[in-house]
Amino acid sequence: MVDFIVFIVLFLGGFYLFGVSWSLPTAQGLAFSAGIILVSLALAYVMRQRGSDTRRTDNWNQRNQ
């Protein structure tokens, strides 16, 4: 459950920054880039979790002995 909360906060936060960046008077590029980074981090966080749809036995941070 905590993994889902972390994912949704990062993912929706990134989309929020996408939308806000168009109305900012300055630093539009910075806000848009931060949104891209947050969405990318959210997707990377979900893809590295154990027990995903890929059913991998070998994870990036753990290897079978």
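# Two helices and an aromatic cluster

Gly19 sits in helix H1. This is a predicted model. Gly19 is partly exposed, because its relative accessible area is 46%, and the cut-offs for that class are 20% and 50%. Along the chain, Gly19 and Phe32 are 13 residues apart. In space, their C-alpha atoms are separated by 8.2 Å.

**Overall build**

The protein chain has two helices and zero strands. Helix H1 covers residues 2-21. Helix H2 covers residues 28-47. The chain counts 65 residues, and 15% of them are buried. Its accessible surface comes to about 5,200 Å². Carbon and sulfur atoms account for 68% of that surface. Take the contacts between residues at least 6 apart in sequence: 40% of them join residues at least 24 apart.

**Where the helices meet**

Leu10 is another residue of helix H1. Which residues does Leu10 touch, leaving out those up to four places away in sequence? They are Leu38, Val39, Leu41 and Ala42. Leu10 is partly exposed, with a relative accessible area of 22%. That value places Leu10 outside the buried class, because buried means under 20%. Leu10 and Gly35 are 25 residues apart in sequence. Their C-alpha atoms lie 9.0 Å apart in space.

Ser21 also belongs to helix H1. Is Ser21 buried or exposed? Ser21 is buried, because its relative accessible area is 3%. A polar atom of the Ser21 side chain lies 2.8 Å from the backbone oxygen of Phe18. Beyond residues up to four places away in sequence, Ser21 touches Gln28, Ala31 and Phe32.

**The aromatic rings**

The structure holds five aromatic pairs. One of them joins Trp22 and Phe32. The ring centres are 6.3 Å apart and the planes stand at 70°, so this pair is edge-to-face. The pair links distant parts of the chain. Trp22 lies in the loop between H1 and H2, while Phe32 is in helix H2, ten residues apart. The two partners fall into separate exposure classes: Trp22 is exposed at 68% relative accessible area, and Phe32 is partly exposed at 32%.

Ring pairs also build a cluster. Its members are Phe7, Phe11, Phe15, Phe18, Trp22 and Phe32. Phe18 is thus a cluster member and also the residue whose backbone oxygen lies 2.8 Å from the Ser21 side chain. Phe32 is a cluster member too, and Ser21 touches Phe32.

**The loop**

Ala27 lies in the loop between H1 and helix H2. What is unusual for a residue that is not a glycine? Ala27 has a positive phi of about 60°. Ala27 is partly exposed, with a relative accessible area of 44%.

**A nonpolar patch**

Met1, Phe4, Ile5 and Val9 make a nonpolar surface patch. Its area is about 470 Å². Ile5 has its place in helix H1. Ile5 counts as partly exposed, at 44% relative accessibility. A residue needs over 30% relative accessible area to join a patch, so Ile5 at 44% passes that cut-off.

**Exposure at a glance**

The table collects residues treated above.

| Residue | Relative accessible area | Class |
|---|---|---|
| Ser21 | 3% | buried |
| Leu10 | 22% | partly exposed |
| Phe32 | 32% | partly exposed |
| Ile5 | 44% | partly exposed |
| Ala27 | 44% | partly exposed |
| Gly19 | 46% | partly exposed |
| Trp22 | 68% | exposed |

Technical notes. Residues are numbered from 1 along each chain as its sequence is written. This is a predicted model: local features need pLDDT of at least 70, side-chain atom pairs count only at pLDDT 80 or more; totals for chains, interfaces and linings use all residues. Side-chain values use heavy atoms; hydrogens and water are left out. Patches are made of residues with over 30% relative accessible area and no salt bridge: like charges are joined within 9 Å, nonpolar side chains (Val, Leu, Ile, Met, Phe, Trp, Tyr) within 5 Å. Accessible areas come from the Shrake-Rupley method with a 1.4 Å probe; for residues, only the protein chains shown count as cover. A salt bridge is a side-chain nitrogen of Lys or Arg within 4 Å of a carboxyl oxygen of Asp or Glu. Helices (H or I, at least four residues) and strands (E, at least two) are DSSP runs, numbered from the N terminus. Buried means under 20% relative accessible area, exposed over 50%, partly exposed in between (1.4 Å probe, protein chains only). A polar contact is a pair of N or O atoms within 3.5 Å; within protein, one must be able to donate a hydrogen and the other to accept it, and residues adjacent in sequence count only if both atoms are side-chain atoms. Contact means heavy atoms within 4.5 Å. Rings of Phe, Tyr and Trp (its six-membered ring) pair if their centres lie within 6.5 Å; planes under 30 degrees apart count as stacked, over 60 as edge-to-face and the rest as tilted.
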